[in-house]
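Me: I should like to go through a structure and ask, for each label applied to it, what justifies that label. Please set the values against the criteria.

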Amino acid sequence: MTTLLALAGLMLTACSAGPAGRPAADREAVRDRLASADGAPYSAALRAVTRSGSQRLQLTVGRINLNAPLTGRTTDRTQQYTEDVVITERTVYRRAVGAHGAWQEFPASTAKGGLPVDRLPQYVRLMLDHSTSIRQGSEAVRVSARLTPREIASVDETAGRNLGPAGAIDADAWIDGQGRVVRVRQIIHVQSGSDIHATVTLTDFGKPVPVRPPVTR
C-alpha cells in the first residue's frame, strides 16, 4: 500500500490532427497559453484522488500555495488513517486527525509523490514534447501524452524516482483560459499490479494563504 501511494499521491481519446502542420501549431498555442499565466504567487483548493480499480486508495483535500515554494494544509484519508498535513517550505508535518501528540516530520524535498504539483507548467511542457494530442474544450485545453518515470525525473527528480516501479504513465492535463493548470490525471501502469489512477483538481484560486509550522511540542 505504501508503494502505491508513493507512486500516485502528492504528496495524474486522441483527437484528430487536422491539416498538415497543425499539431506543431497546437503545441505552440498551448505553450503560449502557459506563458500568459500570471507569475504572481496564488493559492488554490486542491482535491487529489488515487484509485486502483474500484478501490479508493487515498483522498487529499485542502489548500496549497503555488507559483512559490509549495506550502499548504491538507487532510489525507485512506482506509487505514486520516491525517492532518501541514506543508512548509522545508518540512512536511503529519498527525492523525484529532490527535494531540507529536507531529511526524519529513523533509519537504522527499515527501512528494509521483506528480510535481509545484511544477505543473513544466510538467505540461514535458508532455508537449512526447507524442502529445491536444483537444480544445469549451473552457480548457486538454493535453495528453505517454511518459516514462525517467522523463518525469527531468522535471522533478523525486517524483520520477517515486514512479520508478511504473512501466509508463498516461498523463492528461487541462489548462484554463488564464494559462493555469487546473486538472491533471495520471494512469500509472504498474509492472506487477493493477493500474493506478490519480487525479488532482485545482479550483477556487485566490491570494496566497499563510502557512506556519505546527507546534511540535
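The exchange below takes up the sheet, the cores and several single residues in turn.

Me: What kind of model is this, and how many helices and strands does the chain have?

Reply: The model is predicted. The chain has five helices and 11 strands. Of its 217 residues, 46% count as buried. The accessible surface comes to about 11,000 Å², and carbon and sulfur atoms account for 49% of that area.

Me: What is the order of the strands in the open sheet, and how are they paired?

Reply: The order is E6-E5-E4-E3-E2-E1-E11-E10-E9-E8-E7, and the pairing is antiparallel. From one strand to the next the twist averages 15°.

Me: Why are E6 and E7 said to stand at the edges?

Reply: Strand E6 (104-107) and strand E7 (133-136) each have a single partner strand, so one side of each lacks a neighbour in the sheet.

Me: How do you know that E1 and E2 are paired?

Reply: Two strands pair if at least two bridges are found between them. Strand E1 (residues 42-52) and strand E2 (residues 55-66) are joined by 11 bridges and run antiparallel, so the criterion of at least two is met. Within this pairing, alanine 44 has isoleucine 64 of E2 as its bridge partner.

Me: What joins E10 to E9 and to E11?

Reply: Nine bridges join E9 to E10, and six join E10 to E11. Both pairings run antiparallel. Isoleucine 169 stands opposite isoleucine 188 in E10, while valine 184 has valine 200 in E11 as its bridge partner. E9 and E10 form a hairpin with five residues between them, and glycine 179 in that turn has a positive phi of about 85°. E10 and E11 also form a hairpin, with five residues between them.

Me: What makes E10 a mostly covered strand?

Reply: Seven of the 10 residues in E10 are buried.

Me: Which residues touch the most other members of the largest nonpolar core, and which elements contribute to that core?

Reply: This core has 37 residues, and Val30, Tyr123, Val124, Met127, Val143 and Ile152 touch the most other members. Two or more residues come from each of helix H2 (22-35), E1, E2, H3, E8, E9, E10 and E11. H3 gives the most, with six residues. A second, separate core of five residues includes Val85, Ile87, Val92 and Ala111.

Me: Where does H3 lie, and at what angle to E8?

Reply: Helix H3 (residues 120-128) lies across E7, strand E8 (141-147), strand E9 (166-175), strand E10 (181-190) and strand E11 (196-206). H3 runs at about 70° to E8. Beyond its neighbours within four places in sequence, valine 143 is in contact with several residues, including Val30, Val124, Met127, Ile134 and Ala171.

Me: Why is threonine 158 called buried?

Reply: Its relative accessible area is 12%, and buried means under 20%, so the term applies. Threonine 158 lies in helix H5 (residues 157-162). Leaving aside neighbours within four places in sequence, threonine 158 is in contact with Ser109, Thr110, Lys112 and Gly113. The side chain of threonine 158 reaches the backbone oxygen of serine 109 at 3.1 Å. Threonine 158 and alanine 111 are 47 residues apart in sequence and 8.7 Å apart in space, C-alpha to C-alpha.

Me: Is threonine 75, in strand E3, buried or exposed?

Reply: Threonine 75 is buried, with a relative accessible area of 17%, which is under the limit of 20%. Threonine 75 is found in strand E3 (residues 71-77). Among its contacts outside four places in sequence are Leu59, Val61, Thr82 and Val97.

Me: Why is asparagine 67 called partly exposed, and aspartate 204 exposed?

Reply: Asparagine 67 has a relative accessible area of 37%, which falls between the limits of 20% and 50%, so it is partly exposed. Aspartate 204 stands at 52% relative accessibility, and exposed means over 50%, so it counts as exposed.

Me: What is the phi of each of these two residues, and where do they lie?

Reply: Phi of asparagine 67 is near 60°, a positive value in a residue other than glycine. Asparagine 67 is in the loop between E2 and E3. Phi of aspartate 204 is near 50°, likewise a positive value in a residue other than glycine. Aspartate 204 lies in strand E11.

Definitions and conventions
Residues are numbered from 1 along each chain as its sequence is written. This is a predicted model: local features need pLDDT of at least 70, side-chain atom pairs count only at pLDDT 80 or more; totals for chains, interfaces and linings use all residues. Side-chain values use heavy atoms; hydrogens and water are left out. Helices (H or I, at least four residues) and strands (E, at least two) are DSSP runs, numbered from the N terminus. Axes are lines fitted to C-alpha atoms, for helices over the stretch in contact, and angles run from 0 to 180 degrees between N-to-C directions. Contact means heavy atoms within 4.5 Å. A nonpolar core is a set of buried Ala, Val, Leu, Ile, Met, Phe, Trp, Tyr and Cys residues joined through side-chain atoms within 4.5 Å. Buried means under 20% relative accessible area, exposed over 50%, partly exposed in between (1.4 Å probe, protein chains only). Accessible areas come from the Shrake-Rupley method with a 1.4 Å probe; for residues, only the protein chains shown count as cover. A polar contact is a pair of N or O atoms within 3.5 Å; within protein, one must be able to donate a hydrogen and the other to accept it, and residues adjacent in sequence count only if both atoms are side-chain atoms.
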